[in-house]
Amino acid sequence: MIGIIESYVKSLENNLKFIDNLFYGDIEISKEYLTFLMKERFCKLPLFCRIEKMSEHLCDKFGLSYGKNKKSFNKKIKDLLNIKMDFIKIYSDLFLSEEFSKSYGSNIVYKLNKKIINYEDALCFIYMKGLLNDFPYSNLIKQVVIDEAQDYNELQYIILSKIFIQASFTILGDVNQTINPYQKYDSLEVLESIFRDGFKYVELTKTYRSSSEIIEYTNNILNLKFVSAIRKPNNVPVKFRNNAKDLVKDINYLKNKYSSVAIITKNKQESLNLYNYLKGKLKDISLIEDSEAKFNKNLVVVPSYLSKGLEFDAVISYAPLENGYDKNEKCLFYVVCTRCQHELIIYSALK
């Protein structure tokens with residue numbers, strides 16, 4: 001889509017025309033001269049940003065003050081263009097364009113809601129609008145730090161690089177902890193094409209969180225060879241359970257041994273169901289339902305996608321046998337297991 005949007009915006013520029021000469025009082029400006037200003041004199045600017053510069057140029061050329069005259073030229077130039085600054089329509093027309101049909105085989109009649117932009121449209125819309133009308137960049141920010149880098153796609157990085165054009169970037173992440181099975185980097189080194197100047201890729205291979213027994217197990221989930229543990233072996237193997245009747249017993253065992261324990265489920269509904277079942281049997285248990293929640297870390301139930309970035313002394317990975325982790329969810333299961341520092345118990349692993 002990145003290439004399609006860029007080609008589409010370029011074709012808009014190539015096909016842009018002025019439908020008539022511009023008349024302002026006694027002044028007449030030919031459409032040929034307007035085209036020259038738009039496509040040659042100010043060609044390095046985003047397409048719709050050129051209108052502002054053209055208006056200033058025309059004011060200077062005819063000895064007129066800015067202010068009202070500049071606003072009038074702005075309006076007249078926009079009215080004479082064969083393309084209107086209606087970004088909703090321009091985006092909808094993208095799906096009817098030759099650029100789109102070349103990749104997807106057919107045109108799609110697509111109407112964007114004028115008040116609500118769908119999540120899946122948001123980035124494409126922002127990028128298209130930025131190419132046409134510039135990005136809201138900031139020269140004041142000198143350093144940008146991005147954590148959980150694997151959760152951002154390439155288009156997000158392109159947009160960020162255009163907003164913070166004077167900043168240096170520090171980007172930190174682990175591609176093995178990707179929780180979206182439909183978006184995965186083989187390596188974050190691919191970002192070099194976006195951050196070319198002074199790009200340096202460093203791979204850290206030691207983990208300070210988990211015991212060597214847990215790391216050995218989690219390495220096998222993704223067939224990793226390079227991740228090694230700093231912690232000494234604690235001689236506590238990863239345990240596996242097939243029967244949910246042992247769950248409360250396991251939780252009480254871990255509670256008496258460690259100060260922080262998490263039961264991590266696959267999804268939100270499973271977390272809610274399990275919490276409602278356990279809260280009558282265990283004291284001081286809490287449920288994490290969103291990423292902003294404050295919680296008691298001593299004993300929590302949390303869905304897998306909200307556990308990323310957290311760590312606990314002990315973890316129980318709990319998934320019903322009929323809803324274990326699929327092969328395309330290996331990274332999500334890897335995230336769950338690597339939340340644990342000392343002792344890991346697994347109820348249903350990969351299918």
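**Questions about a predicted model**

Modeller: In this predicted model, residues 24 or more positions apart make up 67% of the protein's contacts with a separation of 6 or more.

Colleague: What makes the protein more spread out than a compact globule?

Modeller: Its radius of gyration is 28 Å, and the globule rule gives 20 Å for 351 residues. The first value is well over the second, so the protein counts as more spread out than a compact globule. The C-alpha atoms fill a box of roughly 90 × 40 × 40 Å along the principal axes.

Colleague: What does the secondary structure come to?

Modeller: The protein has 13 helices and 12 strands.

Colleague: And how much of the protein counts as buried?

Modeller: Of the 351 residues, 44% count as buried. The accessible surface is about 19900 Å², and carbon and sulfur atoms hold 50% of that.

Colleague: Why is Ile158 called buried?

Modeller: The word applies under 20% relative accessible area. Ile158 has 14% relative accessibility, so it counts as buried. This residue belongs to helix H8, residues 154-163.

Colleague: Which residues does Ile158 touch, leaving aside those up to four places away in sequence?

Modeller: Ile158 touches Ile2, Tyr127 and Ile194. As for Asn323, 165 residues from Ile158 along the chain, the two C-alpha atoms are separated by 37 Å.

Colleague: What makes helix H5 mostly covered?

Modeller: H5 runs over residues 87-94, and 6 of its 8 residues are buried. These are Phe87, Ile88, Ile90, Tyr91, Ser92 and Leu94. Their cover includes H1, H7 and helix H6, residues 98-104.

Colleague: How do H1 and H7 pack?

Modeller: Helix H1 (residues 2-15) and helix H7 (residues 119-133) pack at an angle of about 35 degrees, and their axes are 10 Å apart. The crossing of H1 past H7 is right-handed.

Colleague: Why is that crossing called right-handed?

Modeller: The name is used when the near helix is turned clockwise from the far one by less than a right angle. The angle here is about 35 degrees, and the crossing is right-handed, so the near helix is turned clockwise from the far one.

Colleague: Which residues make the contact?

Modeller: From H1 they are Ile2, Ile5, Glu6, Tyr8, Val9 and Leu12, and from H7 they are Cys124, Tyr127, Met128, Leu131 and Leu132.

Colleague: How do those residues divide into nonpolar, polar and charged?

Modeller: The contact has 10 nonpolar residues, no polar ones and 1 charged. Glu counts as charged, and Glu6 of H1 is among the contact residues.

Definitions and conventions. Residues are numbered from 1 along each chain as its sequence is written. This is a predicted model: local features need pLDDT of at least 70, side-chain atom pairs count only at pLDDT 80 or more; totals for chains, interfaces and linings use all residues. Side-chain values use heavy atoms; hydrogens and water are left out. Axes are lines fitted to C-alpha atoms, for helices over the stretch in contact, and angles run from 0 to 180 degrees between N-to-C directions. Helices (H or I, at least four residues) and strands (E, at least two) are DSSP runs, numbered from the N terminus. Contact means heavy atoms within 4.5 Å. The radius of gyration is taken over C-alpha atoms; the globule rule is 2.2 Å times the number of residues to the power 0.38. Buried means under 20% relative accessible area, exposed over 50%, partly exposed in between (1.4 Å probe, protein chains only). Accessible areas come from the Shrake-Rupley method with a 1.4 Å probe; for residues, only the protein chains shown count as cover.
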